[in-house]
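The exercises below are meant to be worked through with the coordinates open. Each one sets a task and then follows it with a solution in steps.

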Amino acid sequence: MSNHGTVARQSRVTVPSPGCLAAIMVPILAVLIAAAVLMTMHYRQERANERNKAEALDRTAALARSYERDVVTAPNGFPGQEAVRGISERHDGRLLSYARSEDSLTTAVRFFGEYEDTSMFGVSHSRAYRCYAVVLRKGADGVPQARTTPLEKCDVI
């Protein structure tokens with residue numbers, strides 16, 4: 001009671017019980033841990049996918065060098081368009097352009113490299129491609145000399 005004969009109102013501060021605090025914090029921590037694990041898994045998968053794609057593009061460069069060697073060693077000078085198309089297909093490539101003159105041969109070929117692309121939903125097979133311009137010119141000794149250059153875009157040709 002107060003001095004005036006009325007019931008005084010008291011303010012009470014309540015502290016939640018430790019069990020109640022744990023009931024609130026445990027789900028929040030579980031969600032944070034799950035999110036951290038998922039983010040880490042996603043990061044690792046992305047790095048692995050980038051590595052796989054880079055390896056596939058490196059394989060396209062090896063295919064281009066092999067294609068260049070086969071075209072240079074073709075008998076009777078510069079091979080015809082059908083022969084070049086066959087050589088490119090043997091090396092997982094696709095002939096995009098063919099230009100031949102008396103002392104040079106210029107081709108553009110798209111080479112493909114396959115790789116595995118992983119996600120949380122499974123593995124898929126993807127293709128990476130790169131285009132190369134291969135220019136062959138007869139040297140002073142009459143032997144073809146080759147120069148292979150990667151192209152920025154395949155549709156420029």
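**Exercise 1: A glycine and its surroundings**

Task: decide whether Gly93 is buried or exposed in this predicted model, and state which residues Gly93 is in contact with once its neighbours within four places in sequence are left aside.

Solution. The relative accessible area of Gly93 is 10%, and since buried means under 20%, Gly93 counts as buried. As for its place in the fold, Gly93 is found in strand 1. Leaving aside neighbours within four places in sequence, its contacts are Ser88, Val109, Arg110 and Phe111. A further distance can be checked on the backbone: the C-alpha atoms of Gly93 and Gly113 are separated by 9.4 Å, with the two residues 20 apart along the chain.

Task: find where Asp92 is located and say what its phi angle is.

Solution. Asp92 is found in the loop between helix 2 and strand 1, and its phi is positive, at about 55°, although Asp92 is not a glycine. With a relative accessibility of 47%, Asp92 counts as partly exposed.

**Exercise 2: Aromatic rings**

Task: state how many aromatic pairs a search of the whole structure finds, and classify the geometry of the pair formed by Phe112 and Tyr129.

Solution. The search finds 3 aromatic pairs. For Phe112 and Tyr129 the ring centres are 6.3 Å apart and the planes are at 55°, so this pair is tilted. The pair links distant parts of the chain, with Phe112 in strand 2 and Tyr129 in strand 3, 17 residues apart. Phe112 is buried, at a relative accessible area of 19%, whereas Tyr129 is partly exposed, at 46%. The ring of Phe112 also has a charged partner, because Arg127 lies over its face at 4.2 Å from the ring centre, inside the 6 Å cut-off. Elsewhere, Lys138 lies over the face of Phe78, at 5.5 Å from the ring centre, and Tyr67, Phe111 and Tyr132 form one aromatic cluster.

**Exercise 3: A threonine in helix 1**

Task: describe the burial of Thr60, and identify the residue whose backbone oxygen lies 2.5 Å from a polar atom of its side chain.

Solution. Thr60 has its place in helix 1 (residues 18-72) and is buried, with a relative accessible area of 0%. The backbone oxygen in question belongs to Leu57. When residues up to four places away in sequence are not counted, Thr60 touches Phe111, Phe112, Gly113, Ala128, Arg130 and Tyr132.

**Exercise 4: The nonpolar core and the confidence**

Task: state how many residues the largest nonpolar core has, and say which element gives the most to this core.

Solution. The largest nonpolar core has 15 residues, and those with the most contacts inside it are Tyr67, Val71, Leu105, Phe111 and Leu136. Helix 1, helix 2, strand 2 and strand 3 each supply at least two of the core residues, and helix 1 gives the most, with 5 residues. Not counting residues up to four places away in sequence, Leu136 touches several residues, including Val71, Phe78, Leu105 and Pro144.

Task: establish where in the protein chain the confidence is lowest and where it is highest.

Solution. The protein chain averages a pLDDT of 86, and 92% of its residues score at least 70. Confidence is lowest in strand 4 (residues 144-150), at a mean of 86, and highest in helix 2 (residues 81-90), at 92. Where pLDDT is low, the predicted coordinates should not be read in detail.

Definitions and conventions: Residues numbered from 1 in each chain as written. Predicted model: local features only at pLDDT ≥ 70, side-chain atom pairs only at ≥ 80, totals over all residues. Heavy atoms only, no water. Phe/Tyr/Trp six-rings, centres within 6.5 Å; stacked < 30°, edge-to-face > 60°. Helix = DSSP H or I, 4+ residues; strand = E, 2+ residues; numbered from the N terminus. Buried < 20%, exposed > 50% of the residue type's maximum accessible area, 1.4 Å probe, protein only. Lys NZ or Arg CZ within 6 Å of the ring centre and 35° of its normal. Polar contact = N/O pair within 3.5 Å; in protein donor to acceptor, adjacent residues only side chain to side chain. Contact = heavy atoms within 4.5 Å. pLDDT = per-residue confidence, 0-100. Core = buried A, V, L, I, M, F, W, Y, C linked by side-chain atoms within 4.5 Å.
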